[in-house]
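Work through the following exercises with the sequence and the structure side by side, and try each task before reading its solution.

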Amino acid sequence: VGAGSASGWCGALYHMAALQFMLAQGAKAEADRQTLLKGGLEYLGRFLKEFPNDELTPDALHYQGETLYALGRREEALKSYRASLERAPDGRFADAALYGTGWCERDLGQAEASRLGSHDHVAGQGQFESATQCPA
């Protein structure tokens with residue numbers, strides 16, 4: 001999960017967030033899922049605070065958006081997706097962040113501003129890359 005040369009404390013925070021997120025995807029109880037997502041969000045927040053200019057920062061911002069979306073926090077998710085796109089408009093998660101941006105805009109009643117296209121816009125993305133998994 002993730003690219004770059006994440007090592008030491010920087011890499012540990014990033015990968016702990018990824019692990020929490022992946023565990024949340026398999027949680028059977030909603031309370032467990034919520035706890036794991038919130039734990040992952042905490043790791044992402046620490047990563048972004050301590051390593052704001054790391055090469056993994058755009059990825060972490062995208063994952064933060066995915067996690068916030070999964071927690072129902074659309075406005076915050078939208079900010080994270082947009083920050084990821086600002087940092088890396090052609091990055092490895094740019095398409096997924098654009099897709100997440102569209103879902104947030106749609107959910108927030110900003111359909112006219114939404115850039116959401118077809119459901120297969122991010123085809124080929126992996127499980128950690130797409131927490132939203134085509135929400136209804």
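**Exercise 1. Two methionines of one helix**

Locate M22 in the chain, decide whether M22 is buried, partly exposed or exposed, and then treat M16 in the same way.

Solution. Begin with the position: M22 lies in helix α1 of this predicted model. Next comes the accessibility, and since M22 has a relative accessible area of 27%, where buried would require under 20% and exposed over 50%, M22 is partly exposed. M16 is likewise placed in helix α1, and its relative accessibility of 31% makes M16 partly exposed. Finally, consider G40, to which both methionines can be related in space. M22 and G40 are 18 residues apart along the chain, with 9.3 Å between their C-alpha atoms, while M16 and G40 are 24 residues apart along the chain, with C-alpha atoms separated by 6.9 Å.

**Exercise 2. The overall plan**

State how many helices and strands the chain has, and describe how much of the chain is buried.

Solution. Counting the elements gives 5 helices and 0 strands, and reading them along the sequence gives the pattern α-α-α-α-α. For burial, 43% of the 136 residues count as buried. A further step asks how far apart in sequence the contacting residues are: among contacts with a separation of 6 or more, 56% are between residues 24 or more positions apart.

**Exercise 3. Three helix pairs**

Describe how α2 packs with α3, how α3 packs with α4, and how α4 packs with α5, giving the direction and the handedness of each crossing.

Solution. The method is a general one: two packed helices are described by the angle between their axes and the distance between the axes.

Step 1. The axes of α2 and α3 come within 10 Å and cross at roughly 150 degrees. Angles over 145 degrees count as roughly antiparallel, and α2 and α3 are therefore roughly antiparallel to each other. Their crossing is left-handed. From α2, the residues R33, Q34, L37, L41, L44, F47 and L48 take part, and they meet T57, A60, L61, Y63, Q64, T67, L68 and A70 of α3. Sorted by class, the contact of α2 with α3 has 10 nonpolar, 4 polar and 1 charged residues.

Step 2. For helix α3 (residues 57-70) and helix α4 (residues 74-87), the axes come within 8 Å and cross at roughly 160 degrees, so that α3 and α4 are again roughly antiparallel. The crossing of α3 and α4 is left-handed. Among the residues that make the contact are L61, L68 and Y69 of α3 and A77, Y81 and R87 of α4. The classes in the contact of α3 with α4 are 7 nonpolar, 6 polar and 4 charged residues.

Step 3. The axes of α4 and α5 are 9 Å apart, and the two helices pack at an angle of about 150 degrees, which makes α4 roughly antiparallel to α5. This crossing of α4 and α5 is left-handed as well. The residues in contact include A77, L78, Y81 and L85 of α4 together with A97, L98, T101 and C104 of α5. Here the division is 8 nonpolar, 3 polar and 4 charged residues.

**Exercise 4. The nonpolar cores**

Find which residues of the largest nonpolar core touch the most other members, and which helix supplies the largest share of this core.

Solution. As background, in soluble globular proteins nonpolar side chains tend to be buried together. The largest nonpolar core has 18 residues, of which L37, Y69, A77, Y81 and C104 touch the most other members. Turning to the helices, α1 (8-26), α2 (30-50), α3, α4 and α5 (94-107) each supply at least two residues of this core, and the largest share, 5 residues, comes from α5. There is also a second, separate core of 12 residues, which includes L13, F47, L56 and L61. To follow one core member in detail, take L37: leaving aside its neighbours within four places in sequence, L37 is in contact with F21, A24, T67, A70 and L71.

**Exercise 5. A glycine in the last helix of the pattern**

Determine where G102 is found and whether G102 is buried or exposed.

Solution. G102 is found in helix α5. Its relative accessibility is 0%, and G102 therefore counts as buried. In space, G102 is 8.6 Å from L78, C-alpha to C-alpha, although the two are 24 residues apart in sequence.

Key
Residues numbered from 1 in each chain as written. Predicted model: local features only at pLDDT ≥ 70, side-chain atom pairs only at ≥ 80, totals over all residues. Heavy atoms only, no water. Axes fitted to C-alpha atoms, helices over the stretch in contact; angles between N-to-C directions. Helix = DSSP H or I, 4+ residues; strand = E, 2+ residues; numbered from the N terminus. Parallel < 35°, antiparallel > 145°, perpendicular 65-115°, else oblique. Left-handed = near helix turned anticlockwise from the far one by under 90°. Contact = heavy atoms within 4.5 Å. Nonpolar A, V, L, I, M, F, W, Y, C, P; charged D, E, K, R; others polar. Core = buried A, V, L, I, M, F, W, Y, C linked by side-chain atoms within 4.5 Å. Buried < 20%, exposed > 50% of the residue type's maximum accessible area, 1.4 Å probe, protein only.
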